[in-house]
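Reader: I am new to this structure. Please take me through one part of it closely, and keep the sentences short.

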Amino acid sequence: MEQFIQQTINGLSVGSVFALLGLGVTMVWGVLGVLNFAHAQILTWGAFSTWFALDADIPVLPAIAIGVLVGVLISVALNSTVIAALRKRNAPEFAFVVATIGVALVMEEVLREVTDAETRPFPRDGFPTGAVTIGSISIPGLQVVVLIVSVLVMIALAYWLNRTKGGRAVRTVAYNRETAELLGINSKRVYTIAFAISGALAAIGGVFVSVDSAAISYSTGDPLLLTAFAVMILGGMGSPKGAMVGGLVLGIAQVYATVYVSSVFRQAVAMLIILAVLLVRPQGLFGEPQSARV
Amino acid sequence: MSELLGSYEFTLNVILVQAILVLSLYVVFQAGLLSMASVGFMAVGGYATTLLTLEQNWPILGGVVAGAVMGGVVAAIFGIPVLRLGGIYLALGSLALSQAIVIGIANFEFTNGARGFAGIELAVTTEHLLLVLIVTGVILQITHRSYIGRAIRAIRLDERTAEGLGINTVLYKRVLFAFSGVLAGLAGALEAHLTGVISPDQYGFDLLVVALTYMIVGGSGHWIGPLGMTVVLGIVRDQLGLGGTSLENIIFGSLLVAVMILAPAGISDRVMYRDIGRWIRRKRTGRGVQVVTTPQGEVS
């Protein structure tokens, strides 16, 4: 029983990072319907910027801020060049998939050249290292911080999307861009804001993943892309609450799969969840049903 | 033919195998479905023939046929649930399916896990591959020009209207998906007997990206587009001598982005030629002159 509780807590720790990733994808896919395959590369570039900043003896918090800034800039640049050009031409939705796969390929290869394809140790100094111990169960301090950050981000996003003028503008654009324009909403600005938030969350997620594994390389983000999509699909499109719950469920599922089935099964969990959810409950746990999805 | 080609034979053979994989993607794409599952079916075909010829002592031809059949059967079975999805969700669902197949292969006992197999009998020659491509091309051309081909294009343009016109869209999509699986399985089986080695990591995301590039750049209008692009880009790639370097991937990635922006439907799409023709006409009539074109004049 004790082991079960400990594993559940481990799962929650893993899941809170997944939730952050899912929240980032929620903004551009769930809300605006753009499936961004370059999300994982934005994550890696953001985390690497933090690494470079730490390497230059910049304190932890400003270093993270630099990483986030780089994530935001790349994400906004991607939106205002490639995505905007495709939108202008009314490209079919798979065109966004293929074009962002191309962007991801370029970004990954450039980073590989810059870093000589090396895996570098990620310094943990300055990040919370201790563990919070309750009875015989211990929770690593870093995970507590990650969990708190992702819950705060989720609450902020949910509040912003549902209760503020800016958030409502985003949802209006998502619902129908032309109507939104007629209502006086600047849809270009809405896209920029959504991509900026997404880039920032990707970078934060990337930093946490790198600190957790104490290593970083040009391919750190690769396996996380499908994980982020799985979180999104499980939780439901455009729902911050769904992304949170989806992330935690996926984290717990992966840890249980490792412990109680086999470590092999862990990699397949995200894929199986994508398949199963799409087929059984395409709107996800908290999404609203959409006829277009099936 | 081997005397004629000399050292290029192997390179060409690899390109031709990729061409079969690209056609497998194209088969479903011509109905407007972006399926990323072909790489997984390719792995199924490759492992089917490897296991049968190495461990059951099947003849190679039997193994290759079994590989194609296995690819088709797996695609037909998984096609039933996966094809309920549409658009981007189909792309994601099929990508997940493909990854799940490859992860499964990498972890089962009977597939020898991540090590894979070596020492598969080599038998595939350029003639075999050309024969497969010609037969596939003939089948695709016959269907392209027939009622079936028009029905498939109708599904691409508007699935609901197609259904309203009495086209059994579900059946069409399932058959196309199964046929795509057959071609992918065939590509995998032929590749196994071409290179002699097989392991799960050769069916990664990289292969999918390369195949997608060829198919998308080639376009969805006619099968000759993707096929021609595979051969041309494959040879260009080989001649540049960039195989596997970062620069090659950067060029590939940029190409994907550029084609998607300039010609979202690929280079075998009629609309692009119409636009180019209109652009040339506008140039000829000179600047400042207002050209009035009637909609009727643009019918391609």
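Among contacts in chain B between residues at least 6 apart in sequence, what percentage join residues at least 24 apart? And please look closely at chain B and the side of it that touches chain A.

Author: The share is 79%: that portion of the contacts in chain B between residues at least 6 apart in sequence joins residues at least 24 apart. Keep in mind that this is a predicted model.

Start with the make-up of chain B. It has 13 helices and zero strands. Along the sequence the pattern reads α-α-α-α-α-α-α-α-α-α-α-α-α. Chain B has 300 residues, and 48% of them are buried.

Now turn to the contact. Chain B brings 32 residues to it, and chain A brings 35 residues. On the side of chain B that touches chain A, the elements giving two or more residues are α5 (87-107), α10 (205-218) and α12 (246-262) of chain B. The largest share comes from α5(B), with 13 residues. By type, this side of chain B divides into 21 nonpolar residues, ten polar and one charged.

Next, cross to chain A. Its helix α5 covers residues 141-163, which makes 23 residues. At 1.5 Å a residue, this helix should span 33 Å. The end C-alpha atoms of α5(A) are 32 Å apart, so the two values agree.

Which residues of α5(A) are buried? They are A:Q143, A:V146, A:L147, A:S150, A:V153, A:M154, A:L157 and A:L161. Look at the numbering with the helix turn in mind. An α-helix has 3.6 residues a turn, so residues three or four places apart point the same way. The buried residues of α5(A) pack against several elements of chain A: α1 (2-31), β3 (137-140), α6 (165-175), α8 (187-213) and α10 (240-261).

Two loop residues of chain A round off the tour. A:D57 sits in the loop between α2 (39-55) and α3 (60-88) of chain A. Phi of A:D57 is positive, near 60 degrees, and this residue is not a glycine. A:D57 counts as exposed because it has 7 C-beta neighbours inside 10 Å, and the limit for exposed is 12 or fewer.

A:A117 lies in the loop between α4 (93-114) and β1 (120-121) of chain A. A:A117 is not a glycine either, yet its phi is positive, about 60 degrees. With 13 C-beta neighbours inside 10 Å, A:A117 counts as partly exposed.

Methods. Residues numbered from 1 in each chain as written. Chains lettered and ligands numbered in written order. Predicted model: local features only at pLDDT ≥ 70, side-chain atom pairs only at ≥ 80, totals over all residues. Contact = placed C-beta atoms within 7 Å. Helix = DSSP H or I, 4+ residues; strand = E, 2+ residues; numbered from the N terminus. Nonpolar A, V, L, I, M, F, W, Y, C, P; charged D, E, K, R; others polar. Buried ≥ 20, exposed ≤ 12 C-beta atoms within 10 Å, placed from the backbone. Expected span 1.5 Å × (residues − 1).
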